[in-house]
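Please open the model in a viewer and keep a selection tool at hand. The tour below proceeds by selections, one stop after another.

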Amino acid sequence: MPPKVLKVRVTLKGRPVRAYSFNQDIVTVGRDPGSDIFLDNPGVSREHCKIDFTSSGIYRITDVGSANGIFVNDQQVKAHFIINNDVVFIGKFALWFMYEEDRRGERDAAQRLVPRQDEGTTVLRTSELQEMIGTIREAESKQAAAATATSGGPAPATAGAAAAMAPAGPPPEVARRARSRVVLGLLLAFLAGYVAGGGLGWVPWQEGLGALAGAAAPTQP
């Protein structure tokens with residue numbers, strides 16, 4: 001396979017037509033639609049010329065018996081060794097040639113050197129780890145700032161944090177016992193007033209309410 005890529009830019013009366021890149025040994029040129037470089041014009045023969053890679057490491061263009069020939073620098077030639085920036089005229093077309101190094105072999109070698117996932121773990125240096133951590137922290141800070149700007153204040157606390165911040169109330173069992181003492185206190189106040197003969201007198205009720213207040217206070221478990 002040739003070590004160079006042959007780039008060909010085709011123009012028709014100065015207007016770009018198409019650009020090609022070749023790294024094959026032989027390139028055909030002609031009016032035949034199957035040609036590597038297809039030139040659709042009656043002044044071009046079906047098999048007009050060919051371009052082949054030579055042992056000297058460059059390409060050569062050769063007329064293969066065309067009706068109108070090929071021209072380089074206004075001179076008709078049967079064969080011509082192509083160099084950079086050569087322009088070959090075929091009928092009304094101009095073919096501009098340029099060489100480019102074929103680096104696909106280098107790319108293939110580089111791809112072979114890339115370790116696969118099953119070839120081991122990549123060990124990072126301390127500086128690389130610190131850089132990664134700094135990047136993550138910076139991203140988190142930006143997200144928090146964006147959330148604050150959107151809501152007009154700090155981000156709302158989570159349900160768990162809100163529950164932790166709320167004052168702790170008495171356990172359900174303690175509350176139930178307090179309610180029972182409230183009811184018992186009311187009954188005692190009523191009975192005390194009735195037995196004293198004062199009907200529902202103020203003093204017994206006041207004592208009953210005092211007992212009620214003491215019963216309503218939650219006791220520590």
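The stops that follow concern a sheet, a nonpolar core and two individual residues of a predicted model.

**Stop 1: the open sheet.** Select strands β4, β3, β5, β6 and β9, and display them as a cartoon. These 5 strands form an open sheet in the order β4-β3-β5-β6-β9, and the pairing is mixed. At the edges lie β4 and β9 (79-81), each of which pairs on one side only.

**Stop 2: the two pairings of β3.** Select residues 26-30, which make up strand β3, together with residues 49-53, strand β5; the two pair in the antiparallel sense over 4 bridges. Within this pairing, Asp-52 of β5 stands opposite Ile-26. Next, add residues 37-38, strand β4. Here the strands run parallel, and 2 bridges join β4 to β3. Ile-37 in β4 is the bridge partner of Val-29.

**Stop 3: the largest nonpolar core.** Which residues have the most contacts inside the largest nonpolar core? Select Val-8, Ile-37, Leu-39, Ile-51, Ile-90, Leu-95 and Phe-97, and show their side chains; these hold that position in a core of 24 residues. Ile-37 thus appears a second time on this tour, having been met as the partner of Val-29. At least two core residues come from each of β1, β2 (15-22), β3, β5, β6 (59-63), β7 (70-72), β10 (87-90) and β11 (93-101). Strand β11 supplies the largest share, 4 residues. In soluble globular proteins, nonpolar side chains tend to be buried together.

**Stop 4: Phe-97.** Centre the view on Phe-97 and display its surroundings. Residues up to four places away in sequence being set aside, Phe-97 touches Leu-6, Lys-7, Val-8, Ile-51, Ile-61, Ile-82, Ile-83, Asn-84, Asn-85, Asp-86 and Val-88. Val-8 and Ile-51, both among these neighbours, are also listed with Phe-97 among the core residues with the most contacts.

**Stop 5: Thr-11.** Finally, move to strand β1, residues 4-12, and select Thr-11 within it. Is this residue, Thr-11, buried or exposed? Thr-11 counts as buried because its relative accessibility is 6%, under the 20% cut-off. Its side chain makes a polar contact of 3.5 Å with the side chain of Trp-96. Beyond its neighbours within four places in sequence, Thr-11 is in contact with Pro-16, Val-17, Lys-92, Phe-93, Ala-94 and Trp-96.

Definitions and conventions
Residues are numbered from 1 along each chain as its sequence is written. This is a predicted model: local features need pLDDT of at least 70, side-chain atom pairs count only at pLDDT 80 or more; totals for chains, interfaces and linings use all residues. Side-chain values use heavy atoms; hydrogens and water are left out. Buried means under 20% relative accessible area, exposed over 50%, partly exposed in between (1.4 Å probe, protein chains only). A polar contact is a pair of N or O atoms within 3.5 Å; within protein, one must be able to donate a hydrogen and the other to accept it, and residues adjacent in sequence count only if both atoms are side-chain atoms. Contact means heavy atoms within 4.5 Å. Two strands pair if DSSP finds at least two bridges between them. A nonpolar core is a set of buried Ala, Val, Leu, Ile, Met, Phe, Trp, Tyr and Cys residues joined through side-chain atoms within 4.5 Å.
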